Amino acid sequence: MATTVKQAIGTLNQDSFISLLRKLIGEAKYLQNNPPELIPEEDRVVNHLLESLLPFSTSTGGGPLVVKHVTYLPRRGNLIVEYPGTEEGKVVSFVGCHMDVVTANPSEWDFDPFSLSIDGDKLHGRGTTDCLGHVALVTELMRKLGETKPKLKSTVVAVFIASEENSSIPGVGVDALVKDGLLDKLKGGPLFWIDTADKQPCIGTGGMIPWKLHVTGKLFHSGLAHKAINAMELAMEASKEIQFRFYRDFPPHPKEQVYGFATPSTMKPTQWIYPGGGINQIPGDCTVSGDVRLTPFYSVTDCMKKLREYVDDINANIEKLPTRGPVSKYVLPDENLRGSLTITFDEAMSGVACDLNSHGFHVLCKATEEVVGHVKPYSITGSLPLIRELQDEGFDVQTAGYGLTATYHAKNEYCLLSDMCQGYLVFASIISQLEE
């Protein structure tokens, strides 16, 4: 039976894959996700997928695929594609292929990010690795099932999602699909989240807490520094103290070695915003922003609580922070003024540690070893949306991907056609093993 399934699915039709990927990359300019300036139109991708899949669907009478276009905002759809199996409740799913991309500045690239170019095995363009390459790959898998109609016990489901790269507009993508119960049936078997890289099982991801530290001091002439509270100096010292406490309370966790995490939990500033002023003005306020990347063995909620406690304690004892020079200070008693800190958070997400004893993990490892030649699971503190929540709700979540970590969110993004071909064979092996 396994051989028959693999024969039916075959190998990746490279011409068809490249043709579809060329169309998707051609839409990438309109798929950039950075609100409010850039709001993606994922239906541009959906339309190409429908063109490929509908001829083999129940909608046209041309095949067995059940295709459902689910939209919560105009032009921002999701697509659920199902190849029905014969056993009720038995399912395997490929989820997480997202149809939005991060931004790209063409002037900084060596080639046009918004059109597919090919250099030998390299497929160049924004989204080739993350994640339009996977969208095209899984579409080719579902199309082949619709064409060849192998008899399977398992229902095979593909879910193409909107709005993965930015969560500032909620209720658009997989979060809404879960809320509406549209993924409930996927609990009947392993769920493979296809949005990582390097052809190996990714068994752990990090939680992410975006934070903003707003600092208030007192603006004054730089020649009269004793009458100012320098918000920049206060921000520097406060950030240093908050980081010191974070690394004390969230040190490397023993399980990080078991899962092979590349880094422990980290907290760092990544942006500095200052309202402007003259070079001879000591600034009265500024904002430092950054993120926490938290390994899944710590609680995101607990971490946010700790960060608030750090800030409250520093505010209460702000005169104890180190200053910079003989007149640098954070309190002006004669004016009854104290510098102050306020920390706020954007939407946080939890990391995930995949179940290393689950059937889905063992199937993925066996398929990877069979196709790639070796298996070496890894973990990173990059973050993926909602998979921890899916795991908590009873889904057997495993993650994999066939792009390149080295080009994720990078200039001159590319993937390798040979890697995508192997990814297709891994999918075929997974489906085949679940028939045994």
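The paragraphs below lead through the pockets, the cavity, the strands and helices, and some unusual backbone spots of a predicted model.

Residues are numbered from 1 along each chain as its sequence is written, and side-chain values use heavy atoms, with hydrogens and water left out. Because the model is predicted, local features need pLDDT of at least 70 and side-chain atom pairs count only at pLDDT 80 or more, while totals for chains, interfaces and linings use all residues.

Start with the empty space. Rolling a probe the size of a water molecule over the atoms shows where such space is left. The search runs on a 1 Å grid over the protein atoms alone. A pocket is an open set of points with protein on both sides within 12 Å along at least five of seven lines; a cavity is a set where a 1.4 Å probe fits but cannot get out; lining residues have an atom within 4 Å of a point. Points are joined across faces, edges and corners, and a volume is the space filled by probe spheres set on them.

The largest pocket holds about 1200 Å³. It is lined by 38 residues, and Glu165, Met208, Asp291, Arg293 and His409 are the closest to its centre. Four strands each give two or more residues to this lining: S8 (202-205), S9 (207-216), S11 (266-273) and S13 (285-294). Strands (E, at least two residues) and helices (H or I, at least four) are DSSP runs, numbered from the N terminus. By residue class, the lining has 13 nonpolar, 16 polar and nine charged members. Here Ala, Val, Leu, Ile, Met, Phe, Trp, Tyr, Cys and Pro count as nonpolar, Asp, Glu, Lys and Arg as charged, and the others, Gly among them, as polar.

The second largest pocket has a volume of about 290 Å³. Its lining numbers 18 residues, with Ser167, Asp175, Glu347, Pro385 and Leu386 the closest to the centre. That lining splits into nine nonpolar, five polar and four charged residues.

How many cavities of 30 Å³ or more are there? The count is one. The largest cavity encloses about 50 Å³. Trp211, Leu213, Ser239, Ile242, Gln243, Met267, Pro269 and Ile343 line it. S9, helix H6 (231-249) and S11 each give two or more residues to this lining. H6 gives the most, with three. Six of the lining residues are nonpolar, two are polar and none is charged.

S9 appears in the linings of both the largest pocket and the largest cavity. Why is S9 described as largely enclosed? Seven of its 10 residues are buried, so the rest of the structure largely encloses S9. Buried means under 20% relative accessible area, exposed over 50%, and partly exposed in between (1.4 Å probe, protein chains only). S9 runs antiparallel to S13, joined by 10 bridges. Strands count as paired if DSSP finds at least two bridges between them. S9 also pairs with strand S16 (residues 340-345), antiparallel, over six bridges. Thr216 has a bridge partner in each: Asp285 in S13 and Ser340 in S16.

Next comes a small group of strands. An open sheet of three strands runs in the order S4-S5-S20, with antiparallel pairing. Its edge strands are S4 (117-119) and S20 (414-416), each pairing on one side only. S4 and S5 (residues 122-124) share three bridges. One of the bridge partners is His124 in S5, matched with Ser117.

Helix H11 (residues 417-433) has 17 residues. Its expected span, 1.5 Å times one less than its number of residues, is 24 Å, and its end C-alpha atoms are 25 Å apart, which agrees. In H11, 15 of the 17 residues are buried, so the rest of the structure largely encloses the helix.

Now the backbone. The peptide bond from Pro35 to Pro36 is cis, with omega near 0°. Pro36 sits in the loop between helices H2 (14-25) and H3 (43-53). The bond from Asp130 to Cys131 is also cis, with omega near 5°. Cys131 lies in the loop between S5 and helix H4 (132-148).

Two residues have a positive phi although neither is a glycine: Arg75 at about 65° and His409 at about 60°. Arg75 lies in the loop between S1 and S2 and is exposed, at 52% relative accessible area. His409 lies in the loop between strand S19 (396-400) and S20. At 44%, His409 is partly exposed.
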